Amino acid sequence: MRLQGKRALVTGAAGALGSVIAAELAAEGADVAGLDLDADGLERVGAAVRAHGRRWHAATPDLTDATAVQAAVDGLLAQWGGIDVLLNGAGGGAVSWFHEMTPQTWNTQIERNLTTVFNVTRAVLPAMLAQRDGRIINIASVAAVSGGRLVRGATAYAAAKAGVIGLTKALAIEVADQGVTVNALAPGAQATPGRDRDTPERRAALLDQIPTRALGRPEHLARTVVFLAAPESVNTTGVVLPLDGGHSI
Ligand SMILES: NC(=O)c1ccc[n+]([C@@H]2O[C@H](COP(=O)([O-])OP(=O)(O)OC[C@H]3O[C@@H](n4cnc5c(N)ncnc54)[C@H](O)[C@@H]3O)[C@@H](O)[C@H]2O)c1
């Protein structure tokens, strides 16, 4: 119960990683709010959070829409009075070769993976600054660190996630003396349901790139989120933590 009494907001909460993180935060005693476009998925996550005896709140704004995000966060703040932990997990990649990429594909990737982080953090930060306490955890990607060697055709995604890392470090400095920490995770390939579609050849090629020869496990990633969300991590800010089995060494 390292997060007893904490109020956590998870974006992408209906997703493969977000759903596991939301349940783990609740297991550690936090109330959890989920933002995601997927209303059915949020319902399933809400059931898991409630099963831990914690409060659950859900909303389905498009996180690329700053006005919709502000309204959703204001609605949550009106009910809960504050937010202690923000996990920016919404996002996702799309393969597109650079020489074929349209401006629309580029913009969509930047909006999905970087503008969403800006919109939600911008809406949540004033409440954290007012209470002089907060934990912001952004999910970037190893693609931002190693240029997308695990998945070719990821220039827009890698650029957006590198933007998340830049935002993380710059904001960490900006708010460091106000009780708010800002950190990022840089996961490599995780054992999410999407990976079940890998052909044996694709899986072997992937594992050849990972020194541990294993995919990351979402439940382990969720434990790292708990660590960064906990009060005792107050001295850790501006960090980009790889969870990639050594891929980025
Ligand atoms: N799964 C991996 O191996 C891996 C590796 C590195 C980084 N990541 C990152 O981790 C995060 C979560 O990945 P995942 O595997 O759980 O993906 P996922 O696709 O399962 O979940 C992402 C969730 O974000 C939501 N979302 C996306 N855009 C949105 C928008 N505009 N508004 C509201 N909701 C939106 C989707 O509805 C979805 O539920 C992503 O940022 C991803 O880039 C994942």
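This is a short tour of a predicted model, going from the whole chain to its ligand and then to two loops.

**Stop 1: the whole chain.** Show everything as a cartoon and color by secondary structure. You should find eight helices and seven strands. Now switch to the C-alpha trace: along the principal axes, these atoms fill a box of roughly 50 × 35 × 35 Å. How does the radius of gyration fit a compact globule? The chain has 249 residues, for which a compact globule would come out near 18 Å; the value here is 17 Å, so the two agree.

**Stop 2: the ligand and its pocket.** Select the ligand next and turn on a surface for the protein. The ligand sits in the largest pocket. Then select the shell of residues around it: there are 27 of them, and the closest are Ala16, Leu17, Asp36, Tyr157 and Lys161. Color this shell by residue type, and you will see 12 nonpolar, 11 polar and four charged residues.

Which helices each supply at least two residues of this shell? Highlight H1 (16-27), H4 (103-131) and H6 (155-175), as each of these does.

**Stop 3: polar contacts with the ligand.** Zoom in on the oxygen atoms of the ligand and show sticks for three residues. Start at Tyr157, where a polar side-chain atom lies 2.6 Å from a ligand oxygen. Move on to Gly89; here a polar backbone atom is 3.1 Å from an oxygen atom of the ligand. Finish at Gly15, which also offers a polar backbone atom, this one 3.3 Å from a ligand oxygen. How much of the ligand does the protein bury? Taken alone, the ligand exposes 820 Å², and the protein buries 82% of that.

**Stop 4: two arginines in loops.** Leave the ligand and select Arg132, in the loop between H4 and strand S5 (134-139). Check its backbone: phi is positive, about 50°, although Arg132 is not a glycine. For the last selection, go to Arg213, in the loop that runs between helix H7 (200-208) and helix H8 (218-229). Arg213 is not a glycine either, yet its phi is positive at about 55°.

Conventions. Residues are numbered from 1 along each chain as its sequence is written. This is a predicted model: local features need pLDDT of at least 70, side-chain atom pairs count only at pLDDT 80 or more; totals for chains, interfaces and linings use all residues. Side-chain values use heavy atoms; hydrogens and water are left out. A residue is near a molecule or strand if one of its heavy atoms lies within 4 Å of it. A polar contact is a pair of N or O atoms within 3.5 Å; within protein, one must be able to donate a hydrogen and the other to accept it, and residues adjacent in sequence count only if both atoms are side-chain atoms. Accessible areas come from the Shrake-Rupley method with a 1.4 Å probe; for residues, only the protein chains shown count as cover. On a 1 Å grid over the protein atoms alone, a cavity is a set of points where a 1.4 Å probe fits but cannot get out, and a pocket is an open set with protein on both sides within 12 Å along at least five of seven lines; lining residues have an atom within 4 Å of a point. A molecule sits in a cavity or pocket if more than half of its atoms lie within 2 Å of its grid points. Helices (H or I, at least four residues) and strands (E, at least two) are DSSP runs, numbered from the N terminus. Ala, Val, Leu, Ile, Met, Phe, Trp, Tyr, Cys and Pro count as nonpolar, Asp, Glu, Lys and Arg as charged, and the others, Gly among them, as polar. The radius of gyration is taken over C-alpha atoms; the globule rule is 2.2 Å times the number of residues to the power 0.38.
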